[in-house]
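Biologist: I should like to learn how to read the features of a structure, one after another. May we begin once it is in view?

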Amino acid sequence: MKYPIESEEKRTINRITFRQSLNDFLNAFNVERGLIYTLRNLFTNPGELIRNYLGEGRYKVVNPFRLLILTTAVSLLVMYISDFQAVFNEMEEGFSKGFDKSETGYINEIMFDWYNLLLWISIPIFALCTFLLNRKSQYNYAENLVLQAFYFSGINLLMTILMPLNWVIDNGVVFLIVFVPSIAFYFYLISSFYQRKGVLFLIKNILGYLLAYLIYSVVLTAILGLLILNTN
């Protein structure tokens, strides 16, 4: 799929002034383009948003990889403030039965400190699965990377909103509350982007999601295993 766009736009670089800085700040809240436009449509009409980014409407949409970095930073800040690390601690306690607690504690530390990089590793894996399972759509692998970058940006936002519930309800319940909307959002975004809603399409992408998650789990386990071996 190609998007031949001709442009003869010439840009003039002007000196930064207070008025220009104020306009740039206000443009961040523009509902017709930019960050607010991107965030609003990411949840209300993600398929159209991503197709616009891949096509002629790219200038209206925030770059998905910049958005991913921004939302990851915000979610990590909220994770720290809300003490969401307690969820990782509970996971560690369950995992540490029969294992060296010093090693599982190290795993917990890595999972929390390197959460962003461990999350981003999954993007090329999930993109590969959506690319292979939906090749008839003619979207290439790079465009599926864009799709997944938008998805994980949305997940970061969901986590940012839901993690503070950690203050009032059980950690396990919070994890479940975060997990279920994340799965629902994935299939909503996939269906909206590819503009398909059939049962066969849904089953195919459920299997693709499970396969991607399995591959990601294997890769993540291998990385953590190598890190533990290096510490011994």
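Biologist: Is valine 78 buried or exposed?

Modeller: In this predicted model, a residue counts as buried when its relative accessible area is under 20%. Valine 78 has a relative accessible area of 17%, so it is buried. The residue is found in helix α4.

Biologist: Which residues is valine 78 in contact with, leaving aside its neighbours within four places in sequence?

Modeller: Contact is judged by heavy atoms within 4.5 Å. With neighbours up to four places away set aside, valine 78 is in contact with Thr160, Met163 and Pro164. A separation in space can also be set beside one in sequence: valine 78 and isoleucine 161 are 83 residues apart in sequence, and 8.7 Å apart from C-alpha to C-alpha.

Biologist: What is the distance between the end C-alpha atoms of α4, and what should the helix span?

Modeller: One starts from a rise of 1.5 Å a residue. Helix α4 covers residues 64–81, which is 18 residues, and should therefore span 26 Å. The end C-alpha atoms are 25 Å apart, in agreement with that value.

Biologist: Which residues of α4 are buried, and which are exposed on the other side?

Modeller: The buried ones are Pro64, Leu67, Leu68, Thr71, Thr72, Ser75, Val78 and Met79. These residues cover an arc of only 130° around the axis, and therefore lie on the same side of α4. Arg66, Ile69, Leu77, Tyr80 and Ile81 are exposed on the other side of α4.

Biologist: Which residues are buried in α2?

Modeller: The same reading may be applied there. Tyr37, Thr38, Asn41 and Leu42 are the buried residues of α2. Their arc around the axis is only 130°, which puts them on the same side of α2.

Biologist: How is the crossing of α2 and α3 to be described?

Modeller: One considers how close the axes come and the angle between them. The axes of α2 (residues 34–44) and α3 (residues 46–54) come within 6 Å and cross at roughly 130°. That angle makes α2 oblique to α3. On the α2 side the contact is made by Tyr37, Thr38, Asn41, Leu42, Phe43 and Thr44, and on the α3 side by Pro46, Leu49 and Asn52. By class, this contact of α2 with α3 has five nonpolar, four polar and no charged residues.

Biologist: Where does asparagine 144 lie, and is it buried or exposed?

Modeller: Asparagine 144 lies in helix α8, which covers residues 141–162. Its relative accessible area is 0%, so asparagine 144 is buried. Apart from residues up to four places away in sequence, asparagine 144 touches Ala127, Thr130, Phe131, Tyr139 and Tyr194.

Biologist: How should leucine 128 be read?

Modeller: Leucine 128 lies in helix α7. With a relative accessible area of 40%, leucine 128 is partly exposed. The C-alpha atoms of leucine 128 and glycine 208 are separated by 9.5 Å, although the two residues are 80 residues apart along the chain.

Biologist: Why does a positive phi deserve attention?

Modeller: The reason is that most residues other than glycine have a negative phi. Glutamine 138 is not a glycine, yet its phi is positive, at about 70°. Glutamine 138 is placed in the loop between α7 (115–133) and α8, and is exposed, with a relative accessible area of 53%. Glutamine 195, also not a glycine, has a positive phi of about 55°. Glutamine 195 lies in the loop between α9 (171–194) and α10 (199–231). Its relative accessibility is 60%, so glutamine 195 counts as exposed.

Biologist: How many helices and strands does the protein have?

Modeller: The secondary structure comes to ten helices and zero strands. Of the 232 residues in the protein, 39% are buried. Among contacts with a separation of 6 or more, 71% are accounted for by residues 24 or more positions apart.

Technical notes. Residues are numbered from 1 along each chain as its sequence is written. This is a predicted model: local features need pLDDT of at least 70, side-chain atom pairs count only at pLDDT 80 or more; totals for chains, interfaces and linings use all residues. Side-chain values use heavy atoms; hydrogens and water are left out. Helices (H or I, at least four residues) and strands (E, at least two) are DSSP runs, numbered from the N terminus. Buried means under 20% relative accessible area, exposed over 50%, partly exposed in between (1.4 Å probe, protein chains only). Axes are lines fitted to C-alpha atoms, for helices over the stretch in contact, and angles run from 0 to 180 degrees between N-to-C directions. Angles under 35 degrees count as roughly parallel, over 145 as roughly antiparallel, 65 to 115 as roughly perpendicular and the rest as oblique. Ala, Val, Leu, Ile, Met, Phe, Trp, Tyr, Cys and Pro count as nonpolar, Asp, Glu, Lys and Arg as charged, and the others, Gly among them, as polar. The expected span of a helix is 1.5 Å times one less than its number of residues. The arc is that of the directions from the helix axis to the C-beta atoms.
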